[in-house]
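User: I'd like a close look at one part of this protein, explained in plain words. Take your time and show me how that part fits with the rest.

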Amino acid sequence: MEFLVEGVLALTWQQVVMYGIGILLIWLAIKKEYEPSLLLPMGFGAILVNLPNTGVLNQVLPGVGEVRGVIEWLFEVGIEASEAMPILLFIGIGAMIDFGPLLSKPVMFLFGAAAQFGIFVAILVACVLGFDLKDAASIGIIGAADGPTSILVSQVLKSNYIGAIAVAAYSYMALVPIVQPFAIRLVTTKKERCIHMDYEPGQVNKAMKIAFPIVVTLIVGLVAPSSVALVGFLMFGNLLRECGVLGTMSETAQNNLANLITLLLGITIAFSMQADRFVNVNTLLIMVIGLVAFVFDTIGGVLFAKILNLFLKKKINPMVGAAGISAFPMSARVVQKMAQKEEPGNIILMHAAGANVSGQIASVVAGGLVISLVTQFL
């Protein structure tokens, strides 16, 4: 009873708020099935790290002395010291992706680049709101629509808001079916959303699929060296998938490795969700800026498609540009669902999928470029 009373008295209102946030994340994961593999561990971790006198974090416990906290240890080893967890996760992500739709329509590379527009809008907004450059750049990467990239960039740049950035990135990834239709309708007409596109796939043979990850790694390594850790592991995972001789390893990367790293990453990032760091006005601002990033990602891709249409005889459905974000395959499905709703029988899924997988590459390249540019100014 004495320990219970001491524990309750040690609680702060900020910790109680974090319990509510943790329960909300768990509810979204289970009830709404929004990114459950990450929101559930993050939600439970948010509760764990805000329980007083537990030893989950490095603490001095009465009668025990200093205790090495397991979550803090995982954070220091897997994220802070080596950034290993988010980078290793890219092997699994790469093994899951089929770049065939992109290789059959290489023009879709352009949409992946255009849909990173929100990153730079968000960085500008964050700077205007008073965040310093390293924090503003880390917040802006929420617009990459790629959780591991957001975590890695914010850690490399030593941002003070890693937890809030991770929560915002994964929350808005989960809310793509809500955010993107709203943003698309802001800048398109019904006529544009009803544009039909013929799909004439180019020839994509096995040799091309094997060469693609190797060539991309070489090009990115020469053009944007800071992106190699991200792109290289993504492409390595894809090479495991496409080589045809490492089926067991490919399956391991897609399932066991990806699931294990995702599980540990989710609960470990909760180290940055301690109440005294998380419950403040800046966290709310980061959530708002993250929403701005996702909206402008979508708008950037759509407007780029509309600009191209000024010069093309065969028009592109501008919604395909919105699929250039990294949230794969969710964004492509959202775009196809909208097309089907506007006009039954309008199939643009393969075009959207090509843009969507290009967004995977563009987002990690953008992350590397932001790291490179910011470190030059610091």
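What relative accessible area does Leu 369 have?

Analyst: Leu 369 has a relative accessible area of 40%. Anything under 20% would count as buried and anything over 50% as exposed, so Leu 369 lands in between and is called partly exposed.

Before going on, keep in mind that you are looking at a predicted model. The protein chain averages a pLDDT of 88, and 94% of the residues score at least 70. The weak spot to know about is residues 1-6, where pLDDT stays under 50 and the model has zero contacts beyond four places in sequence. Where pLDDT is low, the predicted coordinates should not be read in detail.

Back to Leu 369, which sits in helix 21. Together with Leu 133, Leu 373 and Phe 377, Leu 369 makes a nonpolar surface patch of about 390 Å². Helix 21 covers residues 349-377 and gives this patch its largest share, three residues. Here's a handy bit of background: an α-helix has 3.6 residues a turn, so residues three or four places apart point the same way.

Now slide along helix 21 to Ser 358, which is found there too. Ser 358 has a relative accessibility of 2%, so this residue counts as buried. Leaving out residues up to four places away in sequence, Ser 358 touches Leu 102, Met 108, Phe 109, Phe 111 and Gly 112. So helix 21 holds a partly exposed residue, Leu 369, as well as a buried one, Ser 358.

What about the inside of the protein? The largest nonpolar core has 109 residues, and the members that touch the most others are Phe 99 and Ile 286. Setting aside close sequence neighbours, the residues in contact with Phe 99 are Phe 212, Met 235, Asn 238, Val 357 and Ile 361.

For another view of burial, try helix 10, residues 147-156. Nine of its 10 residues are buried, so helix 10 is largely enclosed by the rest of the structure. Among those buried residues are Gly 147, Pro 148, Ile 151, Leu 152 and Val 153. Just after helix 10 comes Lys 158, which takes a positive phi of about 60°.

Helix 12, residues 176-186, has buried residues as well, including Val 176, Val 179, Gln 180 and Ile 184. Several helices help to cover them, among them helix 11, helix 13, helix 18 and helix 20. Pro 181 is a nice one to click on in helix 12. With a relative accessible area of 11%, Pro 181 is buried. Beyond its neighbours within four places in sequence, Pro 181 is in contact with Val 176, Val 334 and Met 338. Pro 181 and Ser 331 are 150 residues apart in sequence, while their C-alpha atoms are 9.9 Å apart in space.

Next up, charges. Side chains of opposite charge can pair when their charged atoms come close. The structure holds seven salt bridges. One of them joins Glu 192 and Lys 306, with 3.4 Å between the closest N and O atoms. That pair links distant parts of the chain, since Glu 192 is in helix 13 and Lys 306 is in helix 18, 114 residues apart. Glu 192 counts as buried at 18% relative accessibility, whereas Lys 306 is partly exposed at 24%.

Another salt bridge pairs Glu 342 with Arg 193, and here the closest N and O atoms are 2.9 Å apart. Glu 342 lies in helix 20 and Arg 193 in helix 13, so this pair ties together parts that are 149 residues apart in sequence. Glu 342 and Arg 193 are both buried.

Arg 241 and Glu 242 also meet through their side chains in a salt bridge, 3.4 Å from N to O. Arg 241 is partly exposed, with a relative accessible area of 30%, and Glu 242 is buried at 12%. Salt bridges that share partners also join Asp 132, Lys 134 and Asp 135 into one network.

So, to return to your residue: Leu 369 is partly exposed at 40%, and it belongs to a nonpolar patch on the surface with Leu 133, Leu 373 and Phe 377.

Terms used
Residues numbered from 1 in each chain as written. Predicted model: local features only at pLDDT ≥ 70, side-chain atom pairs only at ≥ 80, totals over all residues. Heavy atoms only, no water. pLDDT = per-residue confidence, 0-100. Contact = heavy atoms within 4.5 Å. Core = buried A, V, L, I, M, F, W, Y, C linked by side-chain atoms within 4.5 Å. Buried < 20%, exposed > 50% of the residue type's maximum accessible area, 1.4 Å probe, protein only. Patch = residues over 30% accessible without salt bridge, like charges linked within 9 Å, V, L, I, M, F, W, Y side chains within 5 Å. Areas by Shrake-Rupley, 256 points an atom, 1.4 Å probe, with all protein chains shown as cover. Salt bridge = Lys/Arg side-chain N within 4 Å of Asp/Glu carboxyl O. Helix = DSSP H or I, 4+ residues; strand = E, 2+ residues; numbered from the N terminus.
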